[in-house]
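Please look through the structure shown here before reading the report that follows.

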Amino acid sequence: MARVYNFSAGPAVLPEEVLQEAAAEMMDYKGSGMSVMEMSHRSKVYDTIMKEAEKDLRELMNIPENYKVLFLQGGASQQFSAIPMNLMKNGVADFIITGQWAKKAYQEACRYGKAVKIASSEDKTFSYIPDCSDLPVDDDADYVYICENNTIYGTKFKELPNTKGKTLVADVSSCFLSEPHDVEKYGLLFGGVQKNVGPAGVVIVIVREDLIRDDVMEGTPTMLKYKTQADKDSLYNTPPCYGIYICGKVFKWLKKQGGLAAMKEYNEKKAKILYDFLDESKMFQGTVEKKDRSLMNVPFITGDKDLDAKFVAEAAEAGFVNLKGHRTVGGMRASIYNAMPIEGVEKLVAFMREFEKNNG
């Protein structure tokens with residue numbers, strides 16, 4: 001069977017070139033006589049894989065020297081606990097709630113200290129990003145938390161919030177490496193890689209060194225202390241070796257595409273094709289305020305549940321899979337991450353036009 005166009009929100013499409021390389025190396029990685037899945041994380045061969053992955057990521061993102069890069073397990077959701085445990089020195093954190101994942105991070109932080117909602121877009125089903133130019137940031141806040149791109153609702157912070165000098169913490173899971181990130185604007189940014197970077201099982205945390213401390217919250221598990229992980233270069237225990245290896249290949253692929261500025265341009269071009277169609281269509285409508293639209297996740301509806309279901313079923317038959325919207329919002333969602341080729345979006349739009357003509 002030919003490969004489908006996979007619009008899944010995560011685990012998601014990976015560059016074919018990367019998959020082919022990994023397949024070619026599956027039985028024998030560079031003359032080692034074994035697969036990366038089988039080798040010791042303490043071996044020289046694997047050490048090179050890990051160091052190279054970090055080096056390439058630092059180059060891609062222009063990560064300053066005073067930031068540590070950690071390759072961890074537990075997904076982004078585990079960071080919802082690790083962040084307050086490590087950073088809540090005054091016991092206060094401010095949250096901007098723009099979707100399900102920011103809300104979950106907020107609920108988790110409530111277990112460890114005083115979490116404060118300082119802005120939210122819940123009143124309109126998270127279809128916009130609130131104005132964050134003059135927020136009621138707490139004097140005692142240890143950090144201000146955002147989810148930068150909302151996978152479920154398809155919104156994106158185009159400008160980072162004014163945190164009034166407080167540390168900015170961002171979950172960048174679904175926009176990671178889709179455009180340049182100015183790392184110095186964040187105290188900590190993190191992302192589960194299964195959307196835009198690699199297979200599920202790895203979370204990358206980029207954290208400023210002054211935030212890595214010994215004096216963390218009492219009861220913080222050893223594994224969740226950033227200091228434990230930073231001191232051992234993410235090798236305190238066996239890391240998700242194969243996932244990191246694939247991430248490393250994706251970093252090289254991104255460099256080959258021209259880096260993150262080139263990716264942003266490409267992603268804008270792809271998203272424009274789909275959004276332009278949604279704006280002119282009589283049947284399909286986007287659900288997000290135009291100024292806050294994500295380049296990565298595009299939710300849309302027909303306004304008729306039965307028609308939505310028919311569209312998803314017929315699209316899958318035609319080779320456009322995983323277009324069903326998140327269970328909490330319904331409708332459809334096309335996730336068009338870095339590895340989704342432009343022709344995938346063009347063909348989807350052609351299919352949508354045809355569907356509209358036949359079902360109008």
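How many aromatic pairs does a search of the whole structure find? In this predicted model, the search finds 18 aromatic pairs.

## Aromatic pairs

The rings of Tyr242 and Tyr245 form a tilted pair, because their centres are 5.1 Å apart and their planes stand at 55°. Both residues belong to helix α6 (residues 241–256), where being 3 residues apart separates them by about one helical turn. Tyr242 is buried, and Tyr245 is buried too.

Phe311 and Phe351 also make a tilted aromatic pair, with 5.7 Å from centre to centre and 50° between the planes. Phe311 sits in helix α8 (residues 305–317) and Phe351 in helix α9 (residues 342–359), so this pair ties together parts that are 40 residues apart in sequence. Phe311 counts as buried at 0% relative accessibility, and Phe351 counts as buried at 17%. Both belong to one aromatic cluster, whose members also include Tyr5, Phe7 and Phe277.

## The sheet

An open sheet of 7 strands, with mixed pairing, follows the order β2-β10-β9-β8-β5-β3-β4. Its edge strands, β2 (67–72) and β4 (114–120), each pair on one side only, and neighbouring strands are turned by 20° against each other on average, direction ignored. Strands β2 and β10 (residues 203–208) run antiparallel and are joined by 6 bridges; Leu72 has Val203 in β10 as its bridge partner.

## Helices on the sheet

Helix α3 (residues 75–87) lies across β2, β5, β8, β9 and β10, and runs at about 160° to β9. Helix α4 (residues 100–109) packs on the sheet, where it touches β3, β4, β5 and β8, and its direction makes about 160° with that of β3.

Conventions. Residues are numbered from 1 along each chain as its sequence is written. This is a predicted model: local features need pLDDT of at least 70, side-chain atom pairs count only at pLDDT 80 or more; totals for chains, interfaces and linings use all residues. Side-chain values use heavy atoms; hydrogens and water are left out. Two strands pair if DSSP finds at least two bridges between them. Helices (H or I, at least four residues) and strands (E, at least two) are DSSP runs, numbered from the N terminus. Axes are lines fitted to C-alpha atoms, for helices over the stretch in contact, and angles run from 0 to 180 degrees between N-to-C directions. Contact means heavy atoms within 4.5 Å. Rings of Phe, Tyr and Trp (its six-membered ring) pair if their centres lie within 6.5 Å; planes under 30 degrees apart count as stacked, over 60 as edge-to-face and the rest as tilted. Buried means under 20% relative accessible area, exposed over 50%, partly exposed in between (1.4 Å probe, protein chains only).
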